[in-house]
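Here's a quick walk through the model, taking salt bridges, one helix and the RNA in turn. Have the structure open as you read.

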Amino acid sequence: MTRTLITSALPYINGVKHLGNLVGSQLPSDVYARYCRAIGHEVMYICATDEHGTPAELAAKKAGQGVEEFCTQMHEVQAELARGFRLSFDHFGRSSSPQNHKLTQYFAGRLAENGLIEEVSEKQVYSNTDGRYLPDRYIEGECPNCGFADARGDQCENCTKQLDPTDLINPRSAISGSTDLEVRETKHLYLRQSKLRDTLDKWISTREGWPVLTTSIAKKWLHDGDGLQDRGITRDLDWGVPVKRGTQEWDGMQGKVFYVWFDAPIEYIAATAEWAEANGHEPAEWQRWWCTDKGADDVNYVQFMGKDNVPFHTLSFPATIMGADDNWKLVDYIKSFNYLNYDGGQFSTSKGRGVFMNQALDILPSDYWRWWLLSNVPESSDSEFTWESFQSGVNKDLADVLGNFVSRITKFCRSKFGEEVPAGGVYGAAEQAVIDQINARLASYNANMAAMEVRKSAADLRAIWAIGNEYLQAAAPWSLFKTDPEASAAIVRFALNLIPLYAALSQPFIPDAAQTMGEAMNVDLSWPQDAAEALQTLTAGHSFSVPEVMFAKISDDARDEMESRFAGV
RNA sequence: GGGCCUGUAGCUCAGUUGGUUAGAGCAGAGCGCUCAUAACGCUUUGGUCGCAGGUUCGAGUCCUGCCGGGCCUACCA
């Protein structure tokens with residue numbers, strides 16, 4: 001059996017994510033996971049919250065909570081939203097889990113043994129008022145170059161010049177505004193990625209068929225300037241994975257934690273261990289997904305992420321895996337996405353601009369969002385959410401093409417033959433033509449799904465839905481019924497059989513509607529191998545029910561109302 | 001500054017290794033149908049493929065330059 005391991009980039013813990021975050025990794029990975037399961041792969045689909053780092057601590061402080069309490073609460077919020085959007089994770093973990101602590105420390109220990117960790121003493125800005133070290137961008141001051149008053153320690157937004165925090169005139173904490181800052185000497189661990197540069201370069205260069213977005217970002221980092229730089233993997237923070245060398249203390253590193261970008265990807269593995277523990281499995285059950293010497297050699301591993309995550313997944317994490325030199329499973333394919341913009345600009349949490357996951361579910365069911373977002377996923381370039389486009393996609397594709405098809409044929413059957421599949425008549429050339437058309441589209445759909453071409457898959461699916469309406473229009477069972485009820489019955493029987501077929505094929509995109517269709521037609525859904533065979537599912541006498549309206553249309557008034565509600569300030 | 005991506009019909013996008021009349025959905029127009037969520041079907045109007053050169057028998061596709069949009073640039077994650 002084909003085994004597929006799928007991970008979605010980890011959403012950061014500090015708040016509810018917007019639709020752009022959702023469509024950039026979780027939603028397309030869910031479609032792929034559902035597809036793989038449907039065609040019979042053994043699937044492990046993993047996601048988790050990314051809980052460490054300065055922003056999490058600040059968000060907790062703002063919420064008046066301890067960081068652990070805050071993360072626990074926000075994890076549950078995000079887990080609930082994931083369920084709301086029907087994200088079918090096998091496990092939705094937490095990067096703060098004991099499993100991740102252990103594994104992260106283990107990897108650091110292995111990397112140290114293999115000479116890939118370097119201790120570096122460096123100068124960092126410490127804020128006495130805030131009681132913490134400040135990352136560069138949390139220090140603000142006057143730009144020495146252009147005089148801009150609110151330049152950040154890493155770069156001046158006004159003149160775009162790269163800065164060092166010590167360059168700033170009258171530096172202050174961006175958190176408290178305090179000017180009681182001092183420069184302290186502190187020791188950190190660096191991952192010597194530069195030693196693995198040639199290995200990584202060779203690896204990236206030999207990846208066949210990866211998205212250009214993925215490889216070009218990796219190559220840029222590998223070859224820019226002096227090439228791949230070593231990277232600090234520890235921080236002076238309280239919340240995080242304590243720095244240890246495996247299970248041993250690390251001299252001089254007490255009180256420090258690993259940097260979030262070191263431990264976050266390791267959580268993919270740790271979350272699978274969490275899954276095993278949560279389900280009462282032996283460790284061997286997760287190891288067979290991740291350890292190539294323990295059964296993972298035949299696993300196909302696919303990662304989904306937005307383009308901002310690419311450097312970490314093409315370089316840092318592979319460096320960790322390769323550097324550990326320990327039979328860990330390396331990724332086979334990285335599917336990366338561009339950004340979704342909102343109505344001519346960016347989504348903005350602070351400005352309340354755009355739709356966030358919780359708001360979306362308050363407005364409309366998840367299938368509506370899934371369909372539009374997936375059929376407009378930013379695959380080749382950034383794409384844009386507009387209410388007009390959303391309304392059009394929902395009303396035309398879901399309500400008119402699919403929903404109305406189900407509605408018209410089930411209601412017609414009910415009124416003329418009752419709520420069971422009618423007997424009589426035979427199929428002819430028209431039915432064979434439909435079978436041929438569907439088989440051709442099905443082949444395309446399968447190929448695009450396997451290739452993770454999400455937009456093209458959505459277009460294929462829609463085309464398959466449309467075939468039903470074309471057939472009914474041409475066959476016109478309502479006219480034929482007056483002169484030849486038997487012939488009409490055959491058409492109705494054939495058309496009704498399209499519903500379970502559509503339901504099965506639609507599952508990855510709109511799982512709730514697919515289930516509704518399956519239940520209405522009283523069948524278990526299975527992925528069709530061949531349309532001719534699949535369209536024999538419902539036989540004469542099979543009972544069904546007419547489903548409620550599956551997709552309500554979005555009115556112009558409702559659209560306008562939402563457009564102004566989410567425009568931001 | 002550097003790097004990458006991108007510019008195709010009013011809108012959103014397809015266009016495989018350069019090969020005959022550049023495609024789809026939506027929007028617009030006309031016709032048809034009446035089973036259905038005023039739904040559906042058929043037909044149809046829109047494009048000197050950002051601009052200017054070049055290579056070639058042949059360029060939306062390759063090369064150069066210019067113009068516009070976006071992203072990244074390593075301590076936000």
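Let's start with Arg 110, which is buried, with a relative accessible area of 18%. Bear in mind that this is a predicted model. Which residue does Arg 110 pair with in a salt bridge? The partner is Glu 113, and the closest N and O atoms of the two are 3.3 Å apart. Glu 113 counts as exposed, at 59% relative accessibility. Both residues sit in helix α4 (residues 98–113), and because they are 3 residues apart, about one helical turn separates them. As a general point, an α-helix has 3.6 residues a turn, so residues three or four places apart point the same way.

A similar story plays out in helix α19 (residues 556–565), where Glu 561 and Arg 565 lie 4 residues apart, again about one turn of the helix. These two form a salt bridge with their closest N and O atoms at 3.5 Å. Glu 561 is partly exposed, at 42% relative accessible area, and Arg 565 is partly exposed too, at 48%.

Then there's a pair that reaches across the sequence. Asp 382 and Lys 307 form a salt bridge, the closest N and O atoms being 3.0 Å apart. Asp 382 lies in the loop between α11 (366–375) and β18 (383–385), while Lys 307 is in the loop between β15 (299–306) and α9, so the bridge ties together parts that are 75 residues apart in sequence. Asp 382 is partly exposed, with a relative accessible area of 36%.

Here are those pairs side by side:

| Salt bridge | Closest N and O atoms |
|---|---|
| Arg 110 and Glu 113 | 3.3 Å |
| Asp 382 and Lys 307 | 3.0 Å |
| Glu 561 and Arg 565 | 3.5 Å |

How many salt bridges does the structure hold? The count is 29. There is also a network of salt bridges, and it links Arg 3, Glu 42, Arg 288 and Asp 298.

Now for α9, the helix that follows the Lys 307 loop. Is α9 largely enclosed or open? Of its 15 residues, 15 are buried, so the rest of the structure largely encloses it. Helix α9 covers residues 310–324 and reaches 21 Å from its first C-alpha to its last, close to the 21 Å expected at 1.5 Å a residue. Still, α9 bends by about 30 degrees at Pro 318. Just past the end of α9, Asp 325 takes a positive phi of about 50 degrees.

On to the RNA. Strand B is surrounded by 54 residues, and the closest are Arg 137, Ser 380, Asp 382, Asn 404 and Lys 411. Of the strand B atoms that come within 4 Å of the protein, sugar and phosphate account for 69%. Asp 382, then, is one of the closest residues to the RNA as well as the salt-bridge partner of Lys 307.

The bases get some attention too. A base nitrogen of strand B is 2.7 Å from a polar backbone atom of Phe 551, and a base nitrogen is 3.4 Å from a polar backbone atom of Gly 227. Arg 462 uses its side chain instead: one of its N or O atoms there is 3.3 Å from a sugar or linking oxygen of the strand. The elements that give two or more residues to the surface near strand B include α2 (54–62), β4 (117–127) and α14 (454–475). Which element gives the most? That's α12, with 10 residues. By class, the surface near the strand has 17 nonpolar, 17 polar and 20 charged residues.

Methods:
Residues are numbered from 1 along each chain as its sequence is written. Chains are lettered from A and ligands numbered from 1 in the order in which they are written. This is a predicted model: local features need pLDDT of at least 70, side-chain atom pairs count only at pLDDT 80 or more; totals for chains, interfaces and linings use all residues. Side-chain values use heavy atoms; hydrogens and water are left out. A residue is near a molecule or strand if one of its heavy atoms lies within 4 Å of it. A polar contact is a pair of N or O atoms within 3.5 Å; within protein, one must be able to donate a hydrogen and the other to accept it, and residues adjacent in sequence count only if both atoms are side-chain atoms. Ala, Val, Leu, Ile, Met, Phe, Trp, Tyr, Cys and Pro count as nonpolar, Asp, Glu, Lys and Arg as charged, and the others, Gly among them, as polar. The expected span of a helix is 1.5 Å times one less than its number of residues. The bend at a residue is the angle between axes fitted to the seven residues ending there and the seven starting there. Buried means under 20% relative accessible area, exposed over 50%, partly exposed in between (1.4 Å probe, protein chains only). A salt bridge is a side-chain nitrogen of Lys or Arg within 4 Å of a carboxyl oxygen of Asp or Glu.
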